[in-house]
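Trainee: Could you walk me through this one? I would like to go through it piece by piece.

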Protein chains: 2
Amino acid sequence: MKKVKESATEKIILEAARKVFIDKGYYGARMQEIADEAGINKALLHYYFRSKEKLFETVFLEAFVKVVPSVLVILNSDEPLFKKIEHFVNNYIDILTENPFIPGFILYELSQNTKRISSLIRGTGLNPQFFIAQIYKEIESGSIKNCDPRQLIIHMLALCIFPFVAQPILQAVFFKNSVEEYRQFLRERKAEVSKFIIASIRKQQEEEITFSNPIQ
Amino acid sequence: MKKVKESATEKIILEAARKVFIDKGYYGARMQEIADEAGINKALLHYYFRSKEKLFETVFLEAFVKVVPSVLVILNSDEPLFKKIEHFVNNYIDILTENPFIPGFILYELSQNTKRISSLIRGTGLNPQFFIAQIYKEIESGSIKNCDPRQLIIHMLALCIFPFVAQPILQAVFFKNSVEEYRQFLRERKAEVSKFIIASIRKQQEEEITFSNPIQ
DNA sequence: GTCTATATCCAGATAGAC
DNA sequence: GTCTATCTGGATATAGAC
């Protein structure tokens with residue numbers, strides 16, 4: 001509503017703030033640390049963003065937009081169900097791999113400040129109705145088993161997002177704390193997750209013409 | 001190592017600290033708030049637990065023990081695989097329903113303080129080797145499809161834990177923010193999740209004698 | 001716009017009376 | 001063991017020079 005042009009300094013500050021807030025959370029973050037990270041001093045932070053709270057809101061909203069609505073585009077597309085699921089899983093795991101700490105950040109800050117949620121949802125137009133309708137159609141047409149579409153969607157989200165939220169402990173328990181092994185695991189996971197979902201919901205009695213080519 | 005008997009006051013403090021720390025996180029929590037919640041004053045907190053850090057460690061360890069190793073008992077039991085998966089999912093979702101905020105608390109604090117992890121894992125004997133071996137055996141015997149056991153375990157964990165970590169946003173998007181509807185959804189989810197997993201990994205070519213009675 | 005210096009506040013921690 | 005009062009450090013935020 002007000003941003004016409006961002007100065008270079010403003011960008012540097014935001015970049016630094018993103019890093020520190022996502023790493024430490026709102027209360028754990030220190031304005032001093034953000035200033036150091038940006039190579040400037042605290043006073044400038046307040047010059048550009050009036051308060052810690054304002055700066056945080058900016059960072060949080062950017063992070064939210066980067067990771068949440070991008071999902072919706074795929075779920076609201078016109079693809080057939082199985083193809084869409086593959087498409088969704090592949091894309092989402094890619095996005096999260098590039099921003100591995102954002103899911104934990106968002107979920108944590110949302111659970112701390114529940115008030116934020118409703119305006120966020122309105123603002124970004126989060127609405128799964130189209131996708132839910134598509135699932136119902138597939139159930140009626142007999143191509144997938146009967147299920148609660150909301151359960152299915154949450155299965156999908158869980159399988160994609162959880163490995164990032166729980167990265168530290170999973171990495172320690174299953175991968176000797178090797179970041180590289182964990183990365184490899186996530187790459188393999190893309191194919192695993194969509195296969196896992198589709199195998200579970202597909203009806204096998206009648207042979208169906210389905211769209212499970214691992215395209216893209 | 002030192003706790004022989006807990007005084008009544010100590011219990012009250014721990015109860016209050018649990019509540020505030022789990023709600024607000026380490027940095028968000030205030031000793032004053034814990035004192036108020038416990039109906040005593042700040043000085044007493046320091047009398048019983050020397051510092052905020054010590055108090056937190058106690059609360060965190062208790063929460064961790066309540067939710068993490070209890071899982072292991074089931075996964076290391078002698079049940080056949082499908083029965084074990086049902087057993088695990090049912091039990092775990094029950095435990096988390098009773099402690100809905102602990103997963104987010106643990107995952108967040110662990111991601112903030114990665115150092116904590118390795119000693120925790122040693123201390124609680126987290127080791128999935130037995131369960132992994134069982135999965136390999138089932139693959140060889142042909143009762144389930146080929147897969148990476150670690151992927152399967154993480155599927156299981158994700159499907160159980162994620163709905164609790166993401167409760168605020170899921171409740172808002174799918175359940176008009178109704179706590180009661182969300183509870184109902186979680187109850188239904190128990191049956192859904194184990195069905196979902198087993199349907200996906202089971203081999204359907206040969207008829208197998210499997211153990212999918214929804215016992216317990 | 002950017003800095004240094006400072007005001008203000010509030011948190012964790014301690015001293016010491018009871 | 002439990003309290004009130006206080007110390008001390010560190011955080012956000014501002015004033016004002018350059």
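Mentor: What follows is a short talk through the DNA contacts, one buried residue and one helix pair.

Trainee: What should I know about the model and its numbering before we start?

Mentor: This is a predicted model, in which local features need pLDDT of at least 70 and side-chain atom pairs count only at pLDDT 80 or more, while totals for chains, interfaces and linings use all residues. Residues are numbered from 1 along each chain as its sequence is written, chains are lettered from A and ligands numbered from 1 in the order in which they are written, and side-chain values use heavy atoms, with hydrogens and water left out.

Trainee: Okay, DNA strand C then: which residues come nearest?

Mentor: There are 16 residues around DNA strand C, and those that come nearest are Asn41(A), Tyr48(A), Met31(B), His46(B) and Lys52(B); a residue is near a strand if one of its heavy atoms lies within 4 Å of it. Of the atoms of DNA strand C that come within 4 Å of the protein, 62% belong to sugar and phosphate.

Trainee: And which side chains have a polar atom by a phosphate oxygen of strand C?

Mentor: Among them are His46(B), at 2.9 Å, Thr9(A), at 3.1 Å, and Asn41(A), at 3.4 Å. A polar contact here is a pair of N or O atoms within 3.5 Å; within protein, one must be able to donate a hydrogen and the other to accept it, and residues adjacent in sequence count only if both atoms are side-chain atoms.

Trainee: Which element gives the largest share of that surface?

Mentor: That is H3(A), with 4 residues, where helices are DSSP runs of H or I with at least four residues, strands are runs of E with at least two, and both are numbered from the N terminus. By class, the surface near DNA strand C has 8 nonpolar, 5 polar and 3 charged residues, with Ala, Val, Leu, Ile, Met, Phe, Trp, Tyr, Cys and Pro taken as nonpolar, Asp, Glu, Lys and Arg as charged, and the others, Gly among them, as polar.

Trainee: Now strand D: how many residues surround it?

Mentor: DNA strand D is surrounded by 15 residues, and the closest are Lys42(A), His46(A), Lys52(A), Asn41(B) and Tyr48(B). H3(B) gives the most to this surface, with 4 residues.

Trainee: Which backbone atoms sit by its phosphates?

Mentor: A polar backbone atom of Lys52(A) is 2.7 Å from a phosphate oxygen of DNA strand D, and a backbone N or O atom of Met31(A) lies 3.1 Å from one. On the side-chain side, Thr9(B) places a polar atom 3.1 Å from a phosphate oxygen of DNA strand D.

Trainee: Changing topic, is Asp148(B) buried or exposed?

Mentor: Asp148(B) is buried, with a relative accessible area of 16%, given that buried means under 20%, exposed over 50% and partly exposed in between, using a 1.4 Å probe and protein chains only. Asp148(B) is in the loop between H9 and H10 of chain B, and a polar atom of its side chain lies 2.8 Å from the backbone nitrogen of Arg150(B). Leaving aside neighbours within four places in sequence, Asp148(B) is in contact (heavy atoms within 4.5 Å) with Phe185(A) and Glu188(A).

Trainee: Last one: at what angle do H7(B) and H10(B) pack?

Mentor: H7(B), residues 102-112, and H10(B), residues 149-165, pack at an angle of about 95°, with their axes 8 Å apart. That makes H7(B) roughly perpendicular to H10(B). Pro103(B), Gly104(B) and Leu107(B) in H7(B) meet Ile161(B), Phe164(B) and Val165(B) in H10(B). Axes are lines fitted to C-alpha atoms, for helices over the stretch in contact, and angles run from 0 to 180 degrees between N-to-C directions; under 35 degrees counts as roughly parallel, over 145 as roughly antiparallel, 65 to 115 as roughly perpendicular and the rest as oblique.
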